[in-house]
Amino acid sequence: MKAWILMVLALMLPAAVMAEEAKEGEPKVSYISLTPPFVGNYALDGSPKLRVYKADVALRVTGDEAAKAVKHHEPLIRNQLVALFTQQSVDNLSNVEAKEKLRQEALKQVQQVMETEEGKPIVEDLLFNNLIVQ
């Protein structure tokens, strides 16, 4: 039993040290979830088949000011992402590589919005916590 407790403490120590290092003047990294998730139609090419996507998106930023700026411009960011998602074809959402390209394009567009509004890209990364297409 004592060995188990020591092992747990040994595993927790590096995390505690890293957390203490992060407190020493370094801006904290935040993940801002864009809620509610994006849900809509895509590939509207005249086909009678209804195609639907659902995307849970999070944005990574560093520092409280960056997080506040993203929250302030969230409606504009959401608008840009909705426009991007609805333009996608079936091929653009059919495999892992295509979804990664979409993620990169979404990040680029979010950074462009922030560059226009704030003078710098601010958003470091865009993550799909969940991306479902039917």
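How many residues does helix 4 have, and what span does it reach from its first C-alpha to its last? In the predicted model described here, helix 4 comprises 23 residues and reaches 32 Å between its first and last C-alpha atoms, close to the 33 Å expected at 1.5 Å a residue. This helix belongs to a protein chain that contains four helices and three strands, arranged from the N terminus on in the order α-β-β-α-α-α-β. Of the 134 residues in the chain, 33% are buried, and among the contacts with a separation of 6 or more, 70% are accounted for by residues 24 or more positions apart.

The three strands form an open sheet with the order 1-2-3 and antiparallel pairing. Strand 1 and strand 3 each have a single partner strand and stand at the edges, so one side of each is left without a neighbour in the sheet. From one strand to the next, the twist averages 15 degrees. Strand 1 is joined to strand 2 by ten bridges, and in this antiparallel pair phenylalanine 38 has alanine 55 of strand 2 as its bridge partner. Eight bridges join strand 2 to strand 3, again in an antiparallel arrangement; here alanine 58 is partnered with leucine 127 of strand 3, and leucine 59 with leucine 126 of strand 3.

Two residues of strand 1 merit separate description. Serine 30 lies in strand 1 and counts as buried because its relative accessibility is 14%, which falls under the 20% limit. Beyond its neighbours within four places in sequence, serine 30 is in contact with Leu59, Arg60 and Val61. Proline 36, also placed in strand 1, is joined to threonine 35 by a cis peptide bond, for which omega is about 0 degrees.

Helices pack on this sheet. Helix 2 lies across strand 1 and strand 2, and runs at about 150 degrees to strand 2. Helix 4 touches strand 2 and strand 3 as it packs on the sheet, with a direction that makes about 135 degrees with that of strand 3. The buried residues of helix 4 are Ala98, Leu102, Arg103, Ala106, Leu107, Gln109, Val110, Val113 and Met114, a set that includes arginine and glutamine as well as nonpolar residues. These buried residues pack against strand 2, helix 2, helix 3 and strand 3. At the start of the helix, a side-chain oxygen of asparagine 95 comes to within 3.1 Å of the backbone nitrogen of glutamate 97, whereas after its end there follows glycine 119, with a positive phi near 85 degrees.

Within helix 4, valine 110 is buried, with a relative accessible area of 1%. Leaving aside neighbours within four places in sequence, its contacts are with Leu59, Ile77, Leu81, Val123 and Leu126. Valine 110 and proline 121 are eleven residues apart in sequence, and their C-alpha atoms are 7.9 Å apart in space. In the loop between helix 4 and strand 3, isoleucine 122 has a phi near 60 degrees, a positive value in a residue other than glycine. With a relative accessibility of 15%, isoleucine 122 counts as buried.

In soluble globular proteins, nonpolar side chains tend to be buried together. The largest nonpolar core of the model has 30 residues, of which Val57, Leu59, Val70, Ile77, Leu81, Phe85 and Leu126 touch the most other members. The elements that give two or more residues to this core are strand 1 (29-41), strand 2 (52-62), helix 2 (64-72), helix 3 (74-86), helix 4 (96-118) and strand 3 (125-133), and helix 4 gives the most, with six residues. Phenylalanine 85, one of the core residues that touch the most other members, is in contact with Phe38, Tyr42, Tyr53, Ala55, Val57, Leu102 and Phe128 when its neighbours within four places in sequence are left aside. Among these contacts of phenylalanine 85 are Phe38 and Ala55, which are themselves bridge partners between strand 1 and strand 2. Similarly, valine 110 is in contact with both Leu59 and Leu126, and leucine 59 and leucine 126 are bridge partners.

Key
Residues are numbered from 1 along each chain as its sequence is written. This is a predicted model: local features need pLDDT of at least 70, side-chain atom pairs count only at pLDDT 80 or more; totals for chains, interfaces and linings use all residues. Side-chain values use heavy atoms; hydrogens and water are left out. A nonpolar core is a set of buried Ala, Val, Leu, Ile, Met, Phe, Trp, Tyr and Cys residues joined through side-chain atoms within 4.5 Å. Buried means under 20% relative accessible area, exposed over 50%, partly exposed in between (1.4 Å probe, protein chains only). Contact means heavy atoms within 4.5 Å. Two strands pair if DSSP finds at least two bridges between them. Axes are lines fitted to C-alpha atoms, for helices over the stretch in contact, and angles run from 0 to 180 degrees between N-to-C directions. The expected span of a helix is 1.5 Å times one less than its number of residues. A polar contact is a pair of N or O atoms within 3.5 Å; within protein, one must be able to donate a hydrogen and the other to accept it, and residues adjacent in sequence count only if both atoms are side-chain atoms.
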